[in-house]
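Notebook open, two things to look up today: a pocket and the cysteines. Here is the model I'm working from.

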Amino acid sequence: MAEKKFDVVALGEMLIDFTENGMSEQGHPILEANPGGAPCNVLAMLTRLGKKTTFIGKVGKDQFGNQLKEAVEEVGIDTSNLLMDEEVHTTLAFVHTYPDGDRDFSFYRNPGADMMLRKDEVNEETIKNSRIFHYGTLSSTHEGVREATRYAISIAEKEGLLISFDPNLRPPLWNSLDDAKAEIEYGLNHCHMLKISDNEIEFMTGTDDYDKAVEILREKHNIPLILVTLGKEGSRAYYKDMVVECAPFLQEKTIETTGAGDTFCASAINYVLEHGLDDLTQEDLKALLTFANAGASLITTRKGALSVMPAKEEVEAFIAGRK
């Protein structure tokens, strides 16, 4: 790939994840305001892995918007394309964590600042100066930001960028699941690498036979690399005629799963940045999945995600310690 100013540009939501952190003297849950949003979590991990990243999106001009801007700048993500809305507040998500680490979300986003991004606010030069464009579907839940997202995708395609897509399905944010399905379908038609979870691929294909599900996706969409995350069952990579499976790194120290999928996704993007997407071998795919699974496992032992991503050496040491 040619030398560009940025390795990865991501467009989408930036928000505050309120996560439970202990109980008050009165027995009420204490909530911690963690910076979050899937695209920025992905960029945070990529930055930790030494890549140059930039974010396109919008937050409110309020205390949470300022907190987010400071947090992403602190981890090294470029914020020259982060806009601050004068009227609409920063989007908030309240995350309830179950004993097994799984989560339930409640969103305060009607509207939220991330929905306010307009087509004319998307900087074409930023996308042109990047190697990979990454996005999800939360920036397609409403008309204005959907137009901005599709415009950005069209620039990326015109400029020959590799495009990475993570559906990141959040049912409460959609007017209907039919709308969600249509936008995920759009994303599947406009990507070179797809990171999709077990529940998302079942939602899109109607089957929990993942080999069959990928076959269904491939019949409709020409996606070179499909990565399926299977939670406690690990992950699979589908590339050309190869299927590679990798066991998870389960551990007792898991606190919550926030950011695990984003850490996995960033690790996969990082591998493609370093090795390309044209001639991957079975060994390459195994190495990609092993590192991605390990990084995802480490992040489940930490509160939040964006500010606490693991370094490359940390992930490699963790893998070595498990052999």
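What volume does the second largest pocket have? I get about 180 Å³ for the second largest pocket. Of the 14 residues lining it, Asn-270, Tyr-271, Phe-291, Lys-312 and Glu-316 are the closest to its centre.

Note to self on terms: a pocket is an open set of points on a 1 Å grid over the protein atoms alone, where a 1.4 Å probe fits, with protein on both sides within 12 Å along at least five of seven lines; lining residues have an atom within 4 Å of a point. The volume is the space filled by probe spheres set on the points, which are joined across faces, edges and corners.

This is a predicted model, and I kept local features to pLDDT of at least 70 and side-chain atom pairs to 80 or more, while totals for chains, interfaces and linings use all residues. Numbering runs from 1 along each chain as its sequence is written, and side-chain values use heavy atoms, with hydrogens and water left out.

Next I checked which helices (DSSP runs of H or I, at least four residues) line the pocket. I found α8 (260-275), α9 (282-299) and α10 (312-322) each supplying at least two residues. The most comes from α8, with five.

Then the cysteines. I searched the whole structure for disulfides (cysteine sulfur pairs within 2.5 Å) and found zero. Why is Cys-265 not bonded? Its sulfur is 11 Å from the closest cysteine sulfur, in Cys-191, so that is too far for a bond. I have Cys-191 as buried (under 20% relative accessible area, 1.4 Å probe, protein chains only), because its relative accessibility is 7%. Cys-265 is also buried, at 1%.

Definitions and conventions: Buried < 20%, exposed > 50% of the residue type's maximum accessible area, 1.4 Å probe, protein only.
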